[in-house]
Amino acid sequence: MRKFARYPIVINYNLHTQLRTRSEEVRLHEARRYQEERQLSIQTNTTSDSKIENNLWKKEIDQYETTIYQCLQKIESNPVGRMVLGLLNKQTTVWIIPKSDNDLKKCNCAQTGPLNYDIQKDGSYARGAGSGDTVIQFRAELGNDTLFHELVHAYRYSYKKFQPMTISVHTERLSGSQSTEEFLAHQMETIYLSQGHRSLTMDYTWAWVSGKKDNIRFSAG
Ligand SMILES: [Zn+2]
């Protein structure tokens with residue numbers, strides 16, 4: 001477990017703890033024991049793998065946490081990145097945890113949600129509503145621009161401002177309903193890339209940048 005500089009961010013390698021508790025979370029969910037399910041999820045996301053098997057996973061832990069630390073340093077070296085890092089509510093904590101290979105296969109993306117998420121009345125698995133501390137599921141290969149994007153979401157959650165509204169988007173490549181929170185995060189990501197003199201993945205009207213196929217990646221959840 002590693003704190004990032006002076007920011008309210010903790011990098012926590014907990015992959016094996018996640019894999020081990022997942023079936024129990026599903027079991028609690030199916031039994032409609034939602035409070036206990038959330039409690040277990042909070043515990044999993046804030047517990048390091050160093051706590052299991054006599055620190056057997058030490059090498060993986062060091063590797064992940066060092067790489068993510070460097071990724072955050074890269075974000076901090078960008079003025080727009082530094083601004084968003086500085087805006088995170090210091091009364092809260094942003095947890096950055098790894099995403100399993102299986103989860104990555106399902107969606108090659110990062111994901112941000114509140115740690116103490118609101119339990120859905122309809123019994124669904126959705127965990128995106130809530131505020132305060134956040135959890136970002138992230139792998140370094142997704143890139144620092146993606147982590148920056150997730151930090152924008154985390155900032156919104158940290159001040160209880162994450163309130164997605166559905167909007168209709170029609171561009172050459174994209175048509176359908178989107179969330180205003182995604183719009184904001186994508187615009188910020190575009191400014192971040194621009195500030196770093198890097199090519200954009202999307203323009204300022206939410207259209208993919210043409211002719212840059214290799215850079216196109218709808219990278220965030
Ligand atoms: Zn997003």
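**Figure 1. Overall dimensions of the chain in the predicted model****.** For a chain of 221 residues, a compact globule would be expected to have a radius of gyration near 17 Å, and the value of 18 Å found for this chain agrees with that expectation. The C-alpha trace, followed along its principal axes, spans about 50 × 40 × 35 Å. Of the 221 residues in the chain, 35% are buried.

**Figure 2. Helices and strands along the chain, and the contacts that join distant residues****.** The chain contains 7 helices and 7 strands, and these elements, read from the N terminus on, follow the order β-β-α-α-α-α-β-α-β-β-α-β-β-α. When contacts between residues at least 6 apart in sequence are considered, 65% of them join residues that are at least 24 apart.

**Figure 3. The packing of helix α4 against helix α6****.** Helix α4, which covers residues 79–87, packs with helix α6, which covers residues 144–158, at an angle of about 30°, and the axes of the two helices lie 9 Å apart. Because angles under 35 degrees count as roughly parallel, α4 and α6 are therefore described as roughly parallel to each other. The crossing that α4 and α6 form is left-handed.

**Figure 4. Residues at the contact between α4 and α6****.** On the side of α4, the contact is made by Gly81, Val84, Leu85 and Leu87, while α6 contributes Phe148, Leu151, Val152 and Tyr155. Sorted by character, the residues of this contact of α4 with α6 comprise 7 that are nonpolar and 1 that is polar, with no charged residue among them.

Methods: Residues numbered from 1 in each chain as written. Predicted model: local features only at pLDDT ≥ 70, side-chain atom pairs only at ≥ 80, totals over all residues. Axes fitted to C-alpha atoms, helices over the stretch in contact; angles between N-to-C directions. Helix = DSSP H or I, 4+ residues; strand = E, 2+ residues; numbered from the N terminus. Parallel < 35°, antiparallel > 145°, perpendicular 65-115°, else oblique. Left-handed = near helix turned anticlockwise from the far one by under 90°. Contact = placed C-beta atoms within 7 Å. Nonpolar A, V, L, I, M, F, W, Y, C, P; charged D, E, K, R; others polar. Rg over C-alpha atoms; globule rule 2.2 N^0.38 Å. Buried ≥ 20, exposed ≤ 12 C-beta atoms within 10 Å, placed from the backbone.
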